[in-house]
2 protein chains.
Amino acid sequence: MTHPNPEFQRWTAAVQAEVEAALARELPAADRAPARLHEAMRYAVLGGGKRVRPLLVYAAGEAAGAARERLAAAACAVEFIHAYSLVHDDLPCMDNDVLRRGRPTVHVQYDEATAMLAGDALQSLAFEVLARHRIADDPADQVEMLRLLAQAAGSPGMAGGQAIDLESVGKSLSLPELELMHIMKTGALIRASVLLGARCGTLANGELEALDRYAKCIGLAFQVVDDILDAEAPTETLGKTAGKDAAQGKPTYVSLLGIAQAREWAERLRQDAHAALAPFGERASQLRGLADFIVLRSF
Amino acid sequence: MTHPNPEFQRWTAAVQAEVEAALARELPAADRAPARLHEAMRYAVLGGGKRVRPLLVYAAGEAAGAARERLAAAACAVEFIHAYSLVHDDLPCMDNDVLRRGRPTVHVQYDEATAMLAGDALQSLAFEVLARHRIADDPADQVEMLRLLAQAAGSPGMAGGQAIDLESVGKSLSLPELELMHIMKTGALIRASVLLGARCGTLANGELEALDRYAKCIGLAFQVVDDILDAEAPTETLGKTAGKDAAQGKPTYVSLLGIAQAREWAERLRQDAHAALAPFGERASQLRGLADFIVLRSF
């Protein structure tokens, strides 16, 4: 997929490179004991991926004038949480998926016990990284950032959304129920990415709330587009097993709304995300680019 | 088992009651959605247990003159980490255990996916609780406490110890290798309990290092005694499947040293723990009681 804005593409490539280096640095070395666990952690995280959440951290950080080195720590923390959730999600007792980012999933490449422990250790590492680096002027703000990430990862957020997802297999959810599930399952960590990035810098009154509105829009748009891609794209393009949700009888935006209306809704969310960024002017150009990227990859 | 010191028994009962109430308060309500996940989290944590780690938090807190309400938050955090590790440890892909504290394990009572998510969410909750309450005068100290817990839980600590344990099945470990595994697997969180309790209060120069020495001794003693109990006690007394480690071909202190020498070593560690507490005088009486409790339960 190509993006119309070459400046945004350059920015994205530069941040992705910086994030890859930071992730590789923050992960335990593969030759340090217990080597198999550390290898599995590195395999889970360094296997590619678009790094959407780290990009959101950096873009929100730019909008808040944050120092670049702080953003690397926050970006690693959210990506470790994301990576751990994928590893656990792919396990036989959950989605039982064998393919992720075009490669065998962690429990296929290693074994189930190692995959579970690697996920567990990645969650700990997220908080360790966020606590070890100085990422806020006032340490009380850093404590609040740690709380924010923990809440987004736990039962009020991502883990809770997964649980609702599990319970929903074979059931028909209403649109508000589906929305609540996704707000928790994907939206909470996307929102945390934006807020952590912003809190690495300084914002004027009301700006954090505006970014929160933006984050909520793109969090939902992200899931709507995921459902569209899952329904339409072949497995080789997707890098993971396609059509899985529908096959498992999981409700999706496409099954509830149909493709055309799902696309319309994603576009509306993109426009709402842009509207929330109006007060930021030039400072928010990367956030705008990301909203476009998230939605337009489906068209 | 009875303990010779009635004052210590009264203190233990009072702290256990306070901790039970705090755990029940900090856990998500069982009727809040996703209810099944929240029920499983409560089942995993509120199923009894001696609350050794919370007791260590309170005892170390007393030695450091800490405010009681701070200790409740730190005690909940370490107990949530401990409880999550038991839930994941009991899963079929790990120890495949069906009995814990005399009741069906979480994946037996619920299902594997719910058990995995409940463990994941308990880990997040540990950090959330530790970040949400004000537990240090200086927020920078609180960030350090969060880092400490994350490190103790992750691959340099508990999760790493589990991974070494997995790799050790059917192998013969040397005594130093077995010790390193246990220092990570159980010792790291016991040490974190003592250090977090202490950091809720104020210590003089050198006192934190003394508590660290104490923590290392009782962490090892705890595992040596666990191996003795596992080798000797019947399943009904233990509340979990007895003789499991030996049956799985896992190396234990008993298999390496024999019962008599394992007991001697536990006793030596108890005395070293007492020696480390010498500078504290009366302030450390509960820490002394806990060292005795941990070792004497095997005699």
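Visitor: At roughly what angle do the axes of helix H9 and helix H10 of chain B cross?
Guide: H9 (residues 175-199) and H10 (residues 207-232) of chain B cross at roughly 135 degrees, and their axes come within 8 Å. Each axis is a line fitted to C-alpha atoms, for helices over the stretch in contact, and angles run from 0 to 180 degrees between N-to-C directions. A quick word on what you're looking at: this is a predicted model, where local features need pLDDT of at least 70, side-chain atom pairs count only at pLDDT 80 or more, and totals for chains, interfaces and linings use all residues. Residues are numbered from 1 along each chain as its sequence is written, while chains are lettered from A and ligands numbered from 1 in the order in which they are written.

Visitor: Why is H9(B) called oblique to H10(B)?
Guide: Angles under 35 degrees count as roughly parallel, over 145 as roughly antiparallel, 65 to 115 as roughly perpendicular, and the rest as oblique. The crossing angle is roughly 135 degrees, and that makes H9(B) oblique to H10(B).

Visitor: What is the handedness of that crossing?
Guide: H9(B) and H10(B) make a right-handed crossing. The rule is that a crossing is left-handed if the near helix is turned anticlockwise from the far one by less than a right angle, and right-handed if clockwise.

Visitor: What kinds of residues make the contact of H9(B) with H10(B)?
Guide: There are 12 nonpolar, five polar and four charged residues. Ala, Val, Leu, Ile, Met, Phe, Trp, Tyr, Cys and Pro count as nonpolar, Asp, Glu, Lys and Arg as charged, and the others, Gly among them, as polar.

Visitor: Over in chain A, how are H6(A) and H7(A) arranged relative to each other?
Guide: H6 (residues 112-132) and H7 (residues 139-153) of chain A pack at about 165 degrees, with axes 10 Å apart. H6(A) and H7(A) are therefore roughly antiparallel to each other. Their contact has eight nonpolar, one polar and no charged residues.

Visitor: How do you know whether H2(B) is enclosed or not?
Guide: Count C-beta atoms, placed from the backbone: a residue is buried if 20 or more others lie within 10 Å of its own, exposed if 12 or fewer, and partly exposed in between. Eight of the 11 residues of H2(B) are buried, so this helix is largely enclosed by the rest of the structure. Among the buried ones are Leu37(B), His38(B) and Tyr43(B). Their cover includes H8 of chain A, together with H1, H4, H5 and H6 of chain B.

Visitor: And Val224(A): buried or exposed?
Guide: Val224(A), in helix H10 of chain A, has 27 other C-beta atoms within 10 Å, so it is buried. Not counting residues up to four places away in sequence, Val224(A) touches Tyr253(A), Ala262(A), Trp265(A) and Ala266(A). Touching means that the C-beta atoms lie within 7 Å.

Visitor: What relates chain B to chain A?
Guide: A turn of 180 degrees and a shift of 0.0 Å along the axis lay chain B on chain A with an RMSD of 0.0 Å. That is the relation of a two-fold axis. Copies are superposed by least squares on the C-alpha atoms of residues with pLDDT of at least 70 in both.

Visitor: How do you know which surface the copies meet through?
Guide: 100% of the interface residues of chain B are also interface residues in chain A, so the copies meet through the same surface. Each chain gives 40 residues to the contact. On the side of chain B, H6(B) supplies the largest share, 13 residues.

Technical notes. Contact = placed C-beta atoms within 7 Å. Helix = DSSP H or I, 4+ residues; strand = E, 2+ residues; numbered from the N terminus.
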